[in-house]
Amino acid sequence: MAPPSPRIPLGTYVPGSSPVHRAGVGLKLLVLLGYVILGVLAVGSPAQAAAYALPCALLYLLARVPPAVAWSQFWPPLPVLLLLGAFQWWQAGPAHAATLVITLCASLMAAALLTLTTTIADLMEGLERRLAPLGRWGFPAERFSLALSLTLRMIPVQMRTVGEVLEARRARGAGWSARAFVVPVLIRSLNRAQAIAEALWARGAGDEADDEPAPDPRRAED
C-alpha cells in the first residue's frame, strides 16, 4: 500500500501493527473522550498543558506515524489557533494564551491520531455497533456512522480541491480574488456532492422511507 500523502491533512490512514493500531475502536473513542475532558477540566497553566501534550506525542511515536504525516495533521488548524492565542494574549496574558493553544493543539492531534490508526470502515463499524442500542429510541445509528465516515472522507478531498485551485491560480499568474477562488471550489464541491448522492441512491440509500406504506387517501378524507 502506498504511503499516505503528507499533503492530505485529515482522513489519512497509516497502516501499522502498533498497539495503537491494534486497540479497539471503542477503547480509542473512550480514551479520546477522556483525554479531551481532562484537558478542559484539569489544565490550567503552560506547564500542565505541556504535560497534557506529552502523552499525545508519545502515542504518535508509538504508532510510528511518519513526521511528514504528523505535520500534515498539525499545520491546517495552526493559523487559526495562533490567531486565537494572540487574542487571548491580548485579553488574558501570555500564560493563558499558551495554555489554551497547547491544549487545543494536543486535543486536535489526539483526534487526528484516531483516523491515522483506524480505517474508516472499522471506525464506522465500531460506532454503529456501540450506538445500535439507541435504535430502540429511534436513533439512526447506521446513518449516523455513514454520515460521519463520509465527513471524514470528504475533509481531505475538500482540502485537496482547495490546494488544486490555488495551484492553478499560481500557475496562471493570477492575483488574489475571493470570487475567483470561491466559485471554482464551490462548483467542484457541488458536483462532488451530486455524484456522491447519485452513488448512494444507486446503492439503495433511503429505501427505508420508500418501503413505508403509502397513506390511505380514504383515511385522509376522513
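A disulfide is a pair of cysteine sulfur atoms within 2.5 Å. Keep that cut-off in mind, as it returns further down. The structure you are looking at is a predicted model, and this report walks through it from the overall fold to a few single residues.

**The chain as a whole**

Let us begin with the fold. The protein chain holds 11 helices and 0 strands, so its pattern along the sequence is written with α alone: α-α-α-α-α-α-α-α-α-α-α. Of its 222 residues, 29% are buried. About 14500 Å² of the protein chain is exposed, and carbon and sulfur atoms supply 67% of that area. Among contacts between residues at least 6 apart in sequence, 68% join residues at least 24 apart.

**Inside: the largest nonpolar core**

The largest nonpolar core has 23 residues, and those with the most contacts inside it are Y35, C56, Y60, V65, L113 and L116. Two or more residues come from each of α2, α3 (46–62), α4 (67–74), α6 (94–116) and α7 (120–131). Helix α6 gives the largest share of this core, 7 residues. In soluble globular proteins, nonpolar side chains tend to be buried together.

Which residues does Y35 touch, leaving aside its neighbours within four places in sequence? Y35 is in contact with Y52, A53, C56, A106, S107 and A110.

Another residue to find is T103, which sits in helix α6. Not counting residues up to four places away in sequence, T103 touches G39, V43, A49 and Y52.

**Cysteines and the disulfide count**

How many disulfides does the rule give? The count comes to 0. The sulfur of C56 has its closest cysteine sulfur in C105, 10.0 Å away, and this is too far for a bond because a disulfide needs the two sulfur atoms within 2.5 Å. Seen from the other side, the closest cysteine sulfur to that of C105 is the one in C56, again at 10.0 Å.

**Buried or exposed?**

Here are four residues from this report with their relative accessible areas.

| Residue | Relative accessible area | Class |
|---|---|---|
| C56 | 6% | buried |
| T103 | 10% | buried |
| C105 | 12% | buried |
| V40 | 63% | exposed |

V40 counts as exposed because its 63% is over the 50% cut-off.

**On the surface: a nonpolar patch**

V40 lies in helix α2 (residues 25–42). Together with L33, V36, I37 and L41, V40 forms a nonpolar patch on the surface, and the accessible area of these residues together is about 490 Å². Helix α2 also gives two or more residues to the largest nonpolar core.

Conventions: Residues numbered from 1 in each chain as written. Predicted model: local features only at pLDDT ≥ 70, side-chain atom pairs only at ≥ 80, totals over all residues. Heavy atoms only, no water. Patch = residues over 30% accessible without salt bridge, like charges linked within 9 Å, V, L, I, M, F, W, Y side chains within 5 Å. Areas by Shrake-Rupley, 256 points an atom, 1.4 Å probe, with all protein chains shown as cover. Salt bridge = Lys/Arg side-chain N within 4 Å of Asp/Glu carboxyl O. Helix = DSSP H or I, 4+ residues; strand = E, 2+ residues; numbered from the N terminus. Buried < 20%, exposed > 50% of the residue type's maximum accessible area, 1.4 Å probe, protein only. Core = buried A, V, L, I, M, F, W, Y, C linked by side-chain atoms within 4.5 Å. Contact = heavy atoms within 4.5 Å.
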